[in-house]
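Here is a set of questions on local geometry and side-chain contacts. Look at the model first, then work through the turns.

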Amino acid sequence: MASHHPSVRFSLPPSAFFDYPPAHEAASIAPPPYPYSPFTIPEDIYRTWLDIKIPLYVAVVYTIVVKSLNKYNRSRGGKPWAISKTRAFFWLVVLHNVFLAVYSAWTFVGIVSAGYGRSFIAPWKWSQGGLLATIDSMCKIQGPKGYGNATIFDSSPAVNLWLSSHPATSQLLESHPPSALTPGRLWNEGLAFYGWIFYLSKYYEILDTVIILMKGKQSSNLQSYHHAGAIISMWIGIRYMSPPIFIFVFFNSFIHALMYTYYVVTSFSIRVPKPIKQSLTTMQITQFLVGGSSAALSLFISYSYPITTASADPVTGKTHLTKEYKHVPCLDTPGQALAVVFNVVYLTPLTWLFARFFIRSYLASGSKSAAPKVRDAGKQAVNGLEKTGSAGLDVEDTSVKMNGNGVEQVVKASAANVRQQGQEATAAARKGWERSTKTAD
């Protein structure tokens, strides 16, 4: 319903947002080429990586492989792989962390410039529309800049068109989406470019898990869930061009820039004060709470969108243009809404897992905080028993050489008995250590 008074409302999302799976969605628009972007991403490569089969396949295989290698590492008593003790591996880890720290900082600067530098309209700029223009610039990410100039995709079966109220453009069919060269709104100004590359970086970050496993350690459920979920979350946001994916890239790139810098420092065995480690974990939890809540709000916000109607004067025949306001939701399509719902659902248990990690690592009692040391001691005990068990062979061989044939059988029997008892003790100790390690995960 049109009115002459602009306003912002909070209401339940339209029921059409929950028509799953999204059936009538526009194809994701590739970012502008160089020099409008830092470099050109070929459109065929851009679309290939947005095939749903890629993130689903990688997420499933990643989870299965991690579970298998966790079991393998436990069977070896948590011994580091031989390659992890080499100098080349050390520098590989350092370069990996340096690359992700620099890349994340570059992404953060780029996405901030795209949003706050070139796309978003400040709420105090009343001449450009004030708060309503701010909401419009954050919710509608296609088309020319300016309150009321957005290009919007109507995914309803009866329409299925790109629509624009800007006087310089006309209705565009789905096969002719908005030009990637049109400046002014978030998608073309950088979200398409930095968001798509950030989506690809989630595949590369799987190397974090590989490094942990090669060190003979266990990859926790938190890490497996985090990496697999992040891939799908970024895919769905970029595929359906959901505006709140900006929040994911904004917060996550900033946190990762700090986090991987921390990893670079610790790679050189530099002791980092505990308050800094606590702050990093706190910032991660904060990004989930603030980012998830901000994204969820987009489902419930609607605002006045200016439209211009033309009417003919019955006496003079002249055409009169009248500005009215129509309330529109922040999001446009079920696909955009699905991206928000998925991210909120994904972040909810992730927030709990990080909070549990924070409590166990920094707030637990002294006895609980000593658990890692106890497990390490258990591991050393297991290794010691293994050496004792193998020593039974040396005792047997040496004893036989030092004694005559008359006592040879007695010594052999005694040595075999010692070796059997040592093996049984080793097996029992290893089983107990494995249980404690598995419980800690």
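The turns below cover helices, backbone outliers, aromatic pairs, salt bridges and a surface patch.

Q: What kind of model is this, and which pLDDT do side-chain atom pairs need?
A: This is a predicted model: local features need pLDDT of at least 70, totals for chains, interfaces and linings use all residues, and side-chain atom pairs count only at pLDDT 80 or more. Residues are numbered from 1 along each chain as its sequence is written, and side-chain values use heavy atoms, with hydrogens and water left out. The pLDDT needed for side-chain atom pairs is 80 or more.

Q: How far apart are the end C-alpha atoms of helix 3, and what span is expected?
A: Helices (H or I, at least four residues) and strands (E, at least two) are DSSP runs, numbered from the N terminus. The expected span is 1.5 Å times one less than the number of residues. Helix 3 (residues 87-119) has 33 residues, so it should span 48 Å. The end C-alpha atoms are 47 Å apart, which agrees with the expected 48 Å.

Q: Where is the kink in helix 3 centred?
A: The bend at a residue is the angle between axes fitted to the seven residues ending there and the seven starting there. In helix 3 the kink is about 30°. Its centre is Ser113.

Q: How many of the ten residues of helix 4 are buried?
A: Buried means under 20% relative accessible area, exposed over 50%, and partly exposed in between (1.4 Å probe, protein chains only). In helix 4 (residues 130-139), the buried residues include Gly130, Ile135, Asp136 and Cys139. The helix is largely enclosed by the rest of the structure, because the buried count is eight.

Q: Which peptide bonds are cis, to Pro21 and to Pro35?
A: Most residues other than glycine have a negative phi, and most peptide bonds are trans. Pro21 sits in the loop between strand 2 (8-10) and helix 1 (43-48), and Pro35 is also placed between strand 2 and helix 1. Omega is about -5° for one cis bond, Tyr20 to Pro21. Omega is near 15° for the other, Tyr34 to Pro35.

Q: Is Ser269, with its positive phi, buried or exposed?
A: Phi of Ser269 is near 60°, although the residue is not glycine. Ser269 lies in the loop between helix 8 and helix 9. Its relative accessibility is 69%, so Ser269 counts as exposed.

Q: What is the geometry of the aromatic pair Tyr260 and Tyr263?
A: Rings of Phe, Tyr and Trp (its six-membered ring) pair if their centres lie within 6.5 Å; planes under 30 degrees apart count as stacked, over 60 as edge-to-face and the rest as tilted. The structure holds 34 such pairs. In this one the centres are 5.6 Å apart and the planes meet at 80°. The pair is edge-to-face.

Q: Which of Tyr260 and Tyr263 is buried?
A: Both lie in helix 8 (residues 245-267), three residues apart, about one turn of the helix. Tyr263 has 31% relative accessibility, so it counts as partly exposed. At 1%, the buried residue is Tyr260.

Q: Which residue forms a salt bridge with Arg47?
A: A salt bridge is a side-chain nitrogen of Lys or Arg within 4 Å of a carboxyl oxygen of Asp or Glu. Arg47 has a partner four residues away in helix 1, about one turn of the helix. The N to O distance is 2.8 Å, and the partner is Glu43.

Q: How many residues apart are Asp332 and Lys140?
A: Their side chains meet in a salt bridge at 2.4 Å, N to O. The pair links distant parts of the chain: Asp332 is in the loop between strand 7 (319-329) and helix 10 (334-363), and Lys140 is in the loop between helix 4 and strand 3. Lys140 is buried, because its relative accessible area is 1%. The separation is 192 residues.

Q: What is the area of the nonpolar surface patch that includes Phe300?
A: Patches are made of residues with over 30% relative accessible area and no salt bridge: like charges are joined within 9 Å, nonpolar side chains (Val, Leu, Ile, Met, Phe, Trp, Tyr) within 5 Å. Areas come from the Shrake-Rupley method with a 1.4 Å probe; for residues, only the protein chains shown count as cover. Phe300 has 34% relative accessible area, so it is partly exposed. With Val8, Phe10, Leu12, Leu131 and Leu297, Phe300 makes a patch of about 600 Å².
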